[in-house]
Amino acid sequence: HRLAARGLPIPESCDAAFDLVRLYDSEPSFVLAVRAALGHLGPKRAHAVIRRVVAKPIYFGKATAIADVCFDAGIVEEVLTRLDTSEYGIEADLLAFNGPQLIPAIVAHADKATDPKIRAGYREAINYILARTAAAGHSHDPALDQHIDIHAIRFSYGGSKVTPVLDMLDGLPLARYEQVMRSNLARTADEPWDLVRCLRPDTSEALLLAVFTALMKRSTAVTSGCLGSRLRALGTRIVAPLRQAFGDTPAQGSLIRELERALDDEAFAQFKASLAGAIETPEQELHRLCAALPGPKVRIYRLRRADRSPAADEVGRIGGSPRGVKDSDIPRHGDEPMQHIITLDLARLPGLTGPDGARSLSLYLPDPDDAEEHESGELVWCTEADLTAAPGSTADARAIEVDAFDVPAAIFDEGCEGDLKRVRGMVYAANGYALGGPLWLQDGPTGVDPDFLFQFDEGLCSINLGDCGVMYVLGGEITWQCH
């Protein structure tokens with residue numbers, strides 16, 4: 001840069017320094033500096049550098065960021081042809097440093113790509129190129145609008161993957177914006193909430209109706225957070241088109257709860273008031289989803305912390321002193337007695353069995369507040385006779401609510417998709433459950449496990465489980481995991 005600024009020749013020995021290994025999209029000023037420096041070399045030398053980089057066995061993807069330096073269609077074709085073979089996909093953020101003149105070539109390569117990773121990377125890159133162009137204060141050719149792919153927006157990543165693209169969409173004239181949205185109705189048919197996340201305050205009622213109609217076709221797949229946060233800015237004007245699109249769709253629990261989260265408070269109040277039927281509860285939703293899924297089922301019991309103390313004759317409890325365990329029977333760790341954490345009433349959990357005659361199962365831990373010795377905890381099984389002999393105490397205890405569900409056994413295996421994955425998420429989100437199999441926070445054996453007793457998080461038992469931790473209790477092991 002200094003040599004060019006002084007009008008001095010740039011030695012050819014400099015060209016070899018352009019290996020681009022340290023070129024990352026996270027350092028845009030460096031990428032732009034390298035692009036400008038290559039431009040100082042002139043077309044012949046710059047193209048030689050590009051060809052040398054793209055011929056590398058590794059790091060050839062770095063040529064993505066310089067493909068249009070001293071623009072030549074043939075060079076661009078060489079770069080994209082090499083990228084077509086990448087087993088790692090396309091570095092879309094790096095490709096975005098090129099100008100809109102590359103988009104026709106990128107579209108051609110995306111259309112012929114057989115690898116879905118390559119195809120998706122090219123589509124994502126087009127969005128970023130147009131977003132970077134808009135951020136620089138330039139408008140792009142309206143003919144390129146047809147290549148804006150809303151389904152390629154990486155909403156799950158957020159930040160720089162999303163905000164610049166939404167800013168670009170917001171900056172389009174209304175007629176062009178609405179045409180882009182309508183042209184993406186088919187692309188987003190499986191995930192229409194992507195369109196919802198792109199709605200802007202001046203969207204016409206006709207387009208709102210079209211988007212919400214598409215959403216209702218996939219209403220059973222709506223999950224928490226998928227509608228984003230932009231609906232609030234539209235206020236109550238969305239109520240009429242949303243209600244029209246909703247029609248007689250059942251008031252499914254996840255759908256209504258997500259609308260409540262995403263809509264302006266007054267808008268949701270008006271929408272809710274317009275519904276004729278009752279809103280599905282989370283329990284009803286889980287039963288409905290499980291009943292509709294094929295394959296063998298397994299009975300599990302959701303465990304909930306009740307907002308009341310247990311009655312004196314109740315067996316199940318969280319905290320307090322359990323019935324059936326005399327002071328002499330409390331497990332010890334070193335010289336200290338362990339602390340009672342939770343007791344389950346086996347009469348309320350058919351299928352959870354222990355030693356012959358067992359009526360209750362109590363978990364004791366040595367250091368529930370410090371989490372230093374959780375895995376040294378012990379289980380205590382009690383019979384009916386034991387319960388009569390030791391009354392326990394309900395002081396500082398909470399009762400346990402138990403709900404039975406017959407869930408697909410497949411949710412405990414790896415690779416769940418669709419509604420199976422959704423049910424798996426609902427079961428995992430419970431503060432605790434018994435039987436079935438463990439749903440590990442990190443890694444562990446998968447599948448239905450006859451040795452598995454129950455698992456819980458801090459929402460059920462107020463102990464130290466680290467960052468979003470989960471306690472797993474099996475017949476032969478007590479363990480826990482956290483982030």
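**Exercise 1: the E11/E12 pair**

Work out how strands E11 and E12 pair in this predicted model, and what sits between them.

*Solution.* Start with the ranges: E11 covers residues 470-474 and E12 covers residues 477-481. Next, check the direction and the ladder: the two strands pair in the antiparallel sense, over five bridges. Now pick out one facing pair: leucine 474 is opposite glutamate 477 of E12. Finally, look at the connection: two residues lie between E11 and E12, and the strands form a hairpin.

**Exercise 2: from E11 to the whole sheet**

Find how E10 joins E11, then give the order of the strands in the open sheet.

*Solution.* Take E10 (residues 452-456) and follow its ladder: four bridges join E10 to E11, and the two run antiparallel. For a residue to anchor on, try phenylalanine 452, whose bridge partner in E11 is leucine 474. That leucine 474 also stands opposite glutamate 477 in E12.

Now zoom out. Six strands make up the open sheet, in the order E8-E1-E9-E10-E11-E12, with antiparallel pairing. Which strands are at the edges? They are E8 and E12, each of which pairs on one side only. As for the twist, neighbouring strands of this sheet are turned by 20 degrees against each other on average, with direction ignored.

**Exercise 3: two packed helices**

Decide whether H4 and H6 are roughly parallel or roughly antiparallel, and give the handedness of their crossing.

*Solution.* First locate the helices: H4 spans residues 73-83 and H6 spans residues 103-112. Then get the geometry: they pack at an angle of about 30 degrees, and their axes are 11 Å apart. Angles under 35 degrees count as roughly parallel. H4 and H6 are therefore roughly parallel to each other. Last step, the handedness: the crossing of H4 and H6 is right-handed.

**Exercise 4: the closed space**

Count the cavities of 30 Å³ or more, and describe the lining of the largest cavity.

*Solution.* The count is one cavity of 30 Å³ or more. The volume of the largest cavity is about 40 Å³. Go round its wall and you meet Leu303, Gly316, Thr343, Leu344, Asp345, Arg348, Leu349, Ile400 and Val402. Sort these by type: five are nonpolar, two polar and two charged.

Then ask which strands supply at least two residues each. The answer is E5 (339-345) and E8 (400-408). E5 has the largest share of this lining, with three residues. And E8 should ring a bell: E8 is also an edge strand of the sheet.

**Exercise 5: the open spaces**

Describe the largest pocket and the second largest pocket by volume, lining and residue type.

*Solution.* Take the largest pocket, with a volume of about 1,300 Å³. Its lining has 47 residues, and the closest to the centre are Trp193, Ala221, Thr223, Ser224 and Cys226. Which elements give two or more residues to this lining? They are helices H7 (116-135), H10 (193-196), H13 (253-262), H15 (282-292) and H17 (418-429), plus strand E1 (297-305). H17 gives the most, with eight residues. By type, the lining splits into 18 nonpolar, nine polar and 20 charged residues.

Now the second largest pocket, which holds about 290 Å³ of space. It is lined by 17 residues, with Phe60, Gly61, Ser86, Tyr88 and Glu91 nearest its centre. Its lining divides into nine nonpolar, five polar and three charged residues.

Definitions and conventions: Residues are numbered from 1 along each chain as its sequence is written. This is a predicted model: local features need pLDDT of at least 70, side-chain atom pairs count only at pLDDT 80 or more; totals for chains, interfaces and linings use all residues. Side-chain values use heavy atoms; hydrogens and water are left out. On a 1 Å grid over the protein atoms alone, a cavity is a set of points where a 1.4 Å probe fits but cannot get out, and a pocket is an open set with protein on both sides within 12 Å along at least five of seven lines; lining residues have an atom within 4 Å of a point. Grid points are joined across faces, edges and corners, and a volume is the space filled by probe spheres set on the points. Ala, Val, Leu, Ile, Met, Phe, Trp, Tyr, Cys and Pro count as nonpolar, Asp, Glu, Lys and Arg as charged, and the others, Gly among them, as polar. Two strands pair if DSSP finds at least two bridges between them. Axes are lines fitted to C-alpha atoms, for helices over the stretch in contact, and angles run from 0 to 180 degrees between N-to-C directions. Angles under 35 degrees count as roughly parallel, over 145 as roughly antiparallel, 65 to 115 as roughly perpendicular and the rest as oblique. A crossing is left-handed if the near helix is turned anticlockwise from the far one by less than a right angle, and right-handed if clockwise.
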